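Good morning, and thank you for coming. Please take a moment with the sequence and the structure before I begin.

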Amino acid sequence: MQEISRVTSGIPGLDQILAGGFIKGAAYIIQGQPGAGKTILSNQVAFEHAASGGRVLYVTLLSESHERLFQAMDTLAFFDREKLGNEIAYVSVFQTLRDDGLEAVVKLLRKETKRHKASLLVFDGLLNARDRAGSDFDVKTFIAEVQGQAAFVGCTVLFLASSSVTENSPEHTMVDGVIELSDTLTGVRSLREIQVRKSRGSRAIGGLHKFEITASGIQVFPRIEALVDHAVANAPALEGRVSTGITNLDALIGDGVPAGSVTLVAGPTGSGKTTLGLHFLSQSSREEPGLHFGFFETPQRLRAKARALGIALPEEGNPSLTLEWTPLADNILDQLGYALLDEVRSRRIKRLFIDGLGGFERAAAHRSRLVEFFAGLMDQLRLLGVTILASWEIREMVGADVAAPAKEISAILDNMILLRQIEEDHRLIRSISIQKMRDSDFDRTAYAMDFAKGGLKIGEPLNARHTPAHPQTPTG
Amino acid sequence: MAFILVVDDEFLLAMMLADILEDEGYKVETAPNGQVALDRIKEEQPTLIITDFMMPIMTGLELAEAVRSDESISDMPIILVSGARGGIARERPEYFQAVFDKPYKNEALLAAVERLVSPTRPS
């Protein structure tokens with residue numbers, strides 16, 4: 001089987017969903033409403049192409065003036081004025097189209113592609129060309145001719161279209177790929193998404209993927225659960241236990257949690273989830289670097305909390321522990337996932353505390369994919385040999401009921417520790433119980449738990465106390 | 001009446017500049033690229049050429065090279081208006097009598113036009 005020659009898009013994440021980039025000499029339609037990001041995407045591809053030694057012919061019809069375009073692009077990092085007129089030529093063929101028709105434009109494009117030795121042709125204004133065409137047949141002929149002559153010289157073509165080219169459109173049938181950009185409002189948030197709607201000869205990752213536009217240009221975040229990594233299936237299971245940092249908790253679960261496992265620490269606010277996480281991270285070392293990936297407390301507040309409780313964390317600046325705080329702003333779910341994976345990879349993290357999964361949940365525009373997202377993320381993290389504690393907030397302040405999402409998610413987790421607050425003699429008592437522990441025997445007793453000097457202390461079994469605890473706890 | 005040839009592939013920009021120059025009383029024609037301009041120059045010599053840089057078929061720089069290398073028209077004044085390549089043009093003063101970066105001020109361009117089409121008039 002012959003390997004298909006590809007041209008990198010130069011856009012982070014886009015090559016992944018295109019199964020390796022654009023096919024060299026193939027033609028693609030980049031479509032989307034005005035403001036969706038087509039111009040930025042095509043210019044970014046153009047400049048990255050030129051930066052890697054390619055040459056670009058960027059052809060416009062009735063669009064904004066080239067100077068206006070340059071002014072807009074000037075704010076983006078990839079734009080380089082030195083390349084204009086050298087590696088990248090912007091030309092307008094409007095007058096040729098108006099005066100002499102599509103056939104003349106095809107001839108002009110052939111000459112210009114050859115003159116500039118272009119290996120990438122961007123044609124902005126496919127719908128204007130369609131307007132000038134007499135029939136669907138003319139449109140198909142135009143695309144076939146432009147594509148055919150470009151392919152002949154190994155030049156890849158991107159046609160930009162400002163509205164949706166449907167599957168029935170003549171253009172759609174003629175090109176090798178269709179990429180759609182959209183910008184929709186979800187609640188008060190603007191949501192940019194990209195979809196490969198057609199991909200001839202490549203197994204693109206279908207469905208919607210988020211992207212963002214920053215001063216660096218476009219970055220695409222392929223859906224994490226769509227990246228099937230065969231290494232996950234073949235990854236060896238880690239042996240041994242990892243201490244939680246609380247000696248008598250370790251004793252309840254067989255000397256710590258299983259290495260490489262994921263433990264959910266569920267409980268209402270104030271029940272001690274973050275404190276348990278700080279205990280876990282206090283055991284971070286040069287051999288087992290730790291990461292706090294949190295959404296609620298800043299590094300300063302976390303350190304203050306640890307100091308107040310007498311939990312000794314590695315000092316600030318010590319590479320054994322990284323405290324990473326992401327505010328609950330307009331986060332993109334997959335972007336958070338990639339940021340976490342990058343931190344874990346680059347710092348060779350072995351102890352990870354995610355505080356909490358709710359930060360990811362809030363970033364999810366499509367909640368129905370959360371379980372698959374977490375499953376994909378945890379698979380990638382397991383592959384990196386990291387042992388994970390993740391907190392999950394239960395809404396009910398007092399009692400034992402675990403909210404439904406945790407039940408769904410618990411199926412993909414190895415272990416679950418439930419922290420509760422129960423009312424006893426008109427005062428709140430904290431308790432801890434192990435709900436699930438992978439491949440291990442564990443103490444199923446619920447214990448009283450409290451904050452003391454040195455952090456969390458596990459006390460006597462609840463059933464040894466005067467008032468019995470609420471007996472009902474969910475199973476994972 | 002001075003005859004000015006405006007050469008720009010961006011149709012709207014060429015038309016707007018032509019309108020401004022016509023308002024000043026010049027005779028103006030437009031051409032969408034250097035080759036069309038060169039063909040027209042051979043039919044009727046303009047007093048002045050105002051050209052863009054990046055264009056299909058023949059760029060503004062190539063047009064200037066062609067004009068300067070043809071003895072019959074080699075002293076024809078040329079103004080370059082460019083979005084991006086003003087720097088290159090300024091390195092070739094023998095090609096261009098004036099270089100303007102887009103966006104430019106119309107008054108400044110008109111002043112240069114007036115100076116170049118009426119060389120005997122003190123500026």
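Let me start in chain B, where Ile49(B) has Ile78(B) as its bridge partner in strand S4(B). What you see is a predicted model. The two strands involved, S3(B) and S4(B), are paired in the parallel sense over three bridges. Ile49(B) also stands opposite Leu5(B), and S1(B) and S3(B) run parallel, joined by four bridges.

Which way do the residues of S3(B) point? Leu48(B) and Ile50(B) point one way from the strand, while Ile49(B) and Thr51(B) point the other way. All four of these residues are buried. As a general remark, side chains in a regular strand alternate between the two faces of the sheet.

Let us now take the sheet as a whole. It is an open sheet of five strands in chain B, with parallel pairing and the order S2-S1-S3-S4-S5. Why do S2 (27-31) and S5 (98-101) of chain B each have one side without a neighbour in the sheet? These two strands stand at the edges and have a single partner strand each, so one side of each is left free of a neighbour in the sheet. On average, and with direction ignored, neighbouring strands of this sheet are turned by 20° against each other.

At the S2 end, strand S1 (residues 3-7) of chain B pairs with S2(B) in the parallel sense, over five bridges. Within S2(B), Thr30(B) is the residue that stands opposite Val6(B).

Next, the helices. Helix H1 (residues 11-23) of chain B packs on the sheet and touches S1, S2 and strand S3 (48-51) of chain B. The direction of H1 makes about 170° with that of S2(B). Helix H3 (residues 60-68) of chain B also packs on the sheet, touching S1, S3 and strand S4 (78-82) of chain B. For H3, the direction makes about 170° with that of S4(B).

Helix H2 (residues 34-43) of chain B has buried residues as well, namely Gly34(B), Val36(B), Ala37(B), Leu38(B) and Ile41(B). What do the buried residues of H2(B) pack against? They pack against S1, S2, S3 and H3 of chain B.

How does chain B meet chain A? The contact involves 16 residues of chain B and 18 residues of chain A. On the chain B side, 11 of the residues are nonpolar, one is polar and four are charged.

That brings us to chain A. Its domain assignment gives domain 1 (6-222) and domain 2 (230-464). The C-alpha centres of these two domains of chain A lie 45 Å apart. Six residues from domain 1 and six residues from domain 2 of chain A make up the contact. On the domain 1 side, strand S9 (189-199) and strand S10 (208-214) of chain A are the elements that give two or more residues. By class, that side has two nonpolar, one polar and three charged residues.

I close with the largest nonpolar core, which has 163 residues. Tyr28(A), Leu121(A), Val122(A), Phe159(A) and Leu352(A) touch the most other members. Helix H4 (residues 94-115) of chain A gives the most to this core, with seven residues. Domain 1 and domain 2 of chain A each supply at least three residues to the core. As for Leu352(A), its contacts beyond four places in sequence are Leu291(A), Phe293(A), Val344(A), Leu381(A), Val386(A) and Ile388(A).

Key. Residues are numbered from 1 along each chain as its sequence is written. Chains are lettered from A and ligands numbered from 1 in the order in which they are written. This is a predicted model: local features need pLDDT of at least 70, side-chain atom pairs count only at pLDDT 80 or more; totals for chains, interfaces and linings use all residues. A nonpolar core is a set of buried Ala, Val, Leu, Ile, Met, Phe, Trp, Tyr and Cys residues joined through C-beta atoms within 7 Å. A residue is buried if 20 or more other C-beta atoms lie within 10 Å of its own, exposed if 12 or fewer, and partly exposed in between; C-beta atoms are placed from the backbone. Domain bounds come from an automatic or database domain assignment. Two residues are in contact if their C-beta atoms, placed from the backbone, lie within 7 Å. Ala, Val, Leu, Ile, Met, Phe, Trp, Tyr, Cys and Pro count as nonpolar, Asp, Glu, Lys and Arg as charged, and the others, Gly among them, as polar. Two strands pair if DSSP finds at least two bridges between them. Axes are lines fitted to C-alpha atoms, for helices over the stretch in contact, and angles run from 0 to 180 degrees between N-to-C directions.
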